[in-house]
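Here is a friendly walk through a two-chain model, written for someone who likes cut-offs stated openly. Take a look at the sequence and the coordinates first, and then read on.

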Protein chains: 2
Amino acid sequence: MARVIVDVMLKPEILDPQGRAVSGALTRLGITGVNDVRQGKRFEITVDGNVADVDESAMRSIAEELLSNPVIEDYTLRIEP
Amino acid sequence: MARVIVDVMLKPEILDPQGRAVSGALTRLGITGVNDVRQGKRFEITVDGNVADVDESAMRSIAEELLSNPVIEDYTLRIEP
């Protein structure tokens, strides 16, 4: 079994209200030193076979077309054993 | 600037309807070999100072008390430059 991890985050220029809310909560709780919080999504896809068997280009199209919205989000993809 | 990455995922024994929906969509699109999909949250917290200055135990309490629900979710935390 291999695991494909896809992290989807809003592009840096897109306002992130969820992250902003977390950041505000930290400040209200008296936690200092936090500069910015961004919240995104993480997908763990378990795939049959081992790392070498994973069709990375198929996984990249899934990440780009199904798991993220390329207009406002960036994704990173990595394959783990 | 250091970055604290907190990944929050539902515990393995908790049903994940979002992940299940993605998994079902992949199957309907004819993508085979995908065994399971789990969807979680990823937080990127930008902190003042460098990696050595980060108060890891404070960050762990934030992750445990604010960013995740320990009853149903597990988190992993790592500090990156």
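## Symmetry of the two copies

A turn of 180 degrees with a shift of 0.0 Å along the axis lays chain A on chain B with an RMSD of 0.0 Å (a least-squares superposition on the C-alpha atoms of residues with pLDDT of at least 70 in both copies). That is how a two-fold axis relates its copies. Within chain A, K41(A) has the C-alpha nearest the axis, at 2.3 Å. Both copies use the same surface, since 100% of the contact residues of chain A recur in chain B (contact means heavy atoms within 4.5 Å).

A word on conventions: this is a predicted model, in which local features need pLDDT of at least 70 and side-chain atom pairs count only at pLDDT 80 or more, while totals for chains, interfaces and linings use all residues. Residues are numbered from 1 along each chain as its sequence is written, chains are lettered from A and ligands numbered from 1 in the order in which they are written, and side-chain values use heavy atoms, with hydrogens and water left out.

## Where the chains meet

In the interface, 28 residues of chain A are in contact with 28 residues of chain B. About 2300 Å² is buried between the two chains, and carbon and sulfur atoms give 63% of that area (buried area is the accessible area, with a 1.4 Å probe, that two parts lose on being put together, summed over both). N35(A), R42(A) and E44(A) supply 21% of what chain A buries against chain B, more than any other three residues.

Polar contacts join 14 residue pairs between chain A and chain B, both residues at pLDDT 80 or more (N or O atoms within 3.5 Å; within protein, one must be able to donate a hydrogen and the other to accept it, and residues adjacent in sequence count only if both atoms are side-chain atoms). On the side of chain A that touches chain B, β1, α1 (17–28), β2 and α2 of chain A each give two or more residues (helices, H or I of at least four residues, and strands, E of at least two, are DSSP runs numbered from the N terminus). The largest share, 14 residues, comes from β2(A).

## Salt bridges

Side chains of opposite charge can pair when their charged atoms come close. Over all chains, the whole structure holds 18 salt bridges (a side-chain nitrogen of Lys or Arg within 4 Å of a carboxyl oxygen of Asp or Glu), and 2 salt bridges are counted between chain A and chain B. R42(B) pairs with D7(A) at 3.0 Å, N to O. Both residues belong to a salt-bridge network that also includes R3(A), E80(A) and R78(B).

Inside chain B, R78(B) meets D7(B) at 3.2 Å, N to O. This salt bridge links strand β3 (residues 73–80) to strand β1 (residues 2–10), across 71 residues. D7(B) is buried at 3% relative accessibility, whereas R78(B) is partly exposed at 28% (buried is under 20% relative accessible area, exposed over 50%, partly exposed in between, with a 1.4 Å probe and protein chains only).

## One face of a helix

Which residues of helix α2 (residues 56–67) of chain A are buried? They are M59(A), I62(A), A63(A) and L67(A). Seen down the helix axis, these buried residues fall within an arc of 95 degrees, so they line one face (the arc is taken from the directions from the helix axis to the C-beta atoms). On the other side of α2(A), S57(A) and E65(A) are exposed.

The buried residues of α2(A) pack against β1, β2 and β3 of chain A, together with α1 and β2 of chain B.
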